[in-house]
Amino acid sequence: MKFIYDYIADMIKYRIDLGYSLQPTSWYLNDFSKYLTNNFPSETMLTQEMIMPWCVQRKTEQACSFRSRMSSIRQFTLYLFANGASNFVLDLNFLPKITRYVPYIFTNMELKTIFEMADSKKYIKPMTAKNRIISVIYRLIYFCGLRPNEGREIMKKDLDLDNGTILIRKNKNHKERLIPMAVDVTDMMREYIDEMKLIFPNTDYVFPSPTGLPYHSKWLRTEFLKIWDEIKPEGGRARVRVYDLRHRWATTVMMKLLNEGEDLYSLLPYMSAYMGHSNFEDTAYYIHLLPEELIKSSEVDWERFSSIIPEVSKYD
């Protein structure tokens, strides 16, 4: 006979086999296992009545941590339901709402000017290669739809210029994925790597600081904001981030698919996998950012999306 807490070790192994990190899900599941052992040691079927006392926000728990704990236990109920050991799946609608940051979507002209300004940046110490790094890193983040830290921390061994791919190692969701690069992006990276060999022959990283290690995220953000301050529209007060390059990439891809008459709903899982999202909701959110004329398009069955696009959530 298998008790409920016996499934926890099975699920942790299952997640490891899929490439997920042990943390923080395993910590939450082990905590839940102690709760079950103390209160329901002989139960073989999880019910909603059993789980809800554990699903209360703790006094020392921030809203984001509470959501993370509940998300982990929801995955466990999905796992139990699939194995016939639960008669329900935890609904997260009871969680407190977190206001989602609204990304700034750069125009084509703004993107062009950002890259041109990055090309023109000059630094006092040319041997740091900052001018080349600045010129390339923001382009790579945009054209490959990367998270800023994914671009910043790429290692040389993960850049395959023969096949035009980048291996993104364990990211925000603790999964690895292979990113294809367009031919012109691959050519850009090949030229860049050849130049950097002369300046940083021994570094393991594609975008090294003078120490040979990656630049800090603050540096990447600061340099981007310097560029934006020089090219932003007069009187513009929009808050922008390096992350918005990724948001712009996502909306560009969706607009292209819609313009070509593709079924966006059926392609969502592929786009989600490419972006390294842990669930489709994070990818579907980008529909909110599309131009109004596309959102109103009769070519899209928006009712099919209504059940998976959250009103608010932590942005990815």
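Me: What makes β1, β2 and β3 count as a sheet, and in which sense do they pair?

Reply: The 3 strands form an open sheet in the order β1-β2-β3, and the pairing is antiparallel. A strand here is a DSSP run of E with at least two residues, a helix is a run of H or I with at least four, and both are numbered from the N terminus. This is a predicted model, where local features need pLDDT of at least 70 and side-chain atom pairs count only at pLDDT 80 or more, while totals for chains, interfaces and linings use all residues. Residues are numbered from 1 along each chain as its sequence is written, and side-chain values use heavy atoms, leaving out hydrogens and water.

Me: How do you know that β2 pairs with β1, and how many bridges are there?

Reply: Two strands pair if DSSP finds at least two bridges between them. β1 and β2 (residues 165-168) have 2 bridges in the antiparallel sense, so they pass. β2 and β3 pass too, with 4 antiparallel bridges. You can spot the partners: Leu159 stands opposite Ile166 in β2, and Ile166 has Ile179 as its bridge partner in β3.

Me: Which strands are called edge strands, and what makes them so?

Reply: They're β1 (159-160) and β3 (177-180), as each pairs on one side only.

Me: Where do the side chains of β3 point?

Reply: They alternate: Arg177 and Ile179 point to one face and are buried, while Leu178 and Pro180 point to the other face and are not buried. That fits the general picture, because side chains in a regular strand alternate between the two faces of the sheet.

Me: Why is Tyr142 called buried or exposed?

Reply: Buried means under 20% relative accessible area, exposed means over 50%, and partly exposed is in between (1.4 Å probe, protein chains only). Tyr142 has 10% relative accessibility, so it counts as buried. You'll find Tyr142 in helix α6 (residues 130-144).

Me: What does Tyr142 touch?

Reply: Leaving out residues up to four places away in sequence, Tyr142 touches Leu111, Phe115, Leu245, Arg248, Trp249 and Thr252. A contact means heavy atoms within 4.5 Å. The C-alpha atoms of Tyr142 and Leu111 are separated by 9.3 Å, and these residues are 31 apart along the chain.

Me: And Glu223, why is it called buried or exposed?

Reply: Glu223 has 5% relative accessibility, so buried is the word again. Glu223 belongs to helix α9, and the residues it touches are Lys121, Tyr123, Ile134 and Tyr138, not counting those up to four places away in sequence.

Me: What makes Phe106 and Phe224 an aromatic pair, and of which kind?

Reply: Rings of Phe, Tyr and Trp (its six-membered ring) pair if their centres lie within 6.5 Å; planes under 30 degrees apart count as stacked, over 60 as edge-to-face, and the rest as tilted. By this rule there are 18 aromatic pairs. For Phe106 and Phe224 the centres are 6.0 Å apart and the planes make 75 degrees, which gives edge-to-face. Phe106 is in the loop between α4 (63-82) and α5 (108-120) and Phe224 is in helix α9 (residues 217-231), so the pair ties together parts 118 residues apart in sequence. Both Phe106 and Phe224 are buried.

Me: How do you know what kind of pair Tyr192 and Phe207 form?

Reply: Their centres are 5.3 Å apart and their planes 40 degrees apart, which makes the pair tilted. Tyr192 is in helix α8 (residues 183-199) and Phe207 in the loop between α8 and α9, 15 residues apart. Tyr192, at 0% relative accessibility, counts as buried, and Phe207 is buried at 1%.

Me: What sits over the ring of Trp54?

Reply: The charged end of Arg69, 4.6 Å from the ring centre. The rule asks for NZ of Lys or CZ of Arg within 6 Å of the ring centre and within 35 degrees of the ring normal. Lys2 does likewise over the face of Tyr7, at 4.7 Å from the ring centre. Trp54 is also part of one aromatic cluster with Phe32, Tyr35, Phe40 and Phe76.

Me: How do you know whether α10 is mostly covered or mostly open?

Reply: Count the buried residues: 12 of the 17 in α10 are buried, so this helix is mostly covered. Among them are Tyr243, Trp249 and Leu258.

Me: What is the span of α10 set against?

Reply: The expected span is 1.5 Å times one less than the number of residues. Helix α10 (residues 243-259) reaches 25 Å from its first C-alpha to its last, close to the expected 24 Å.
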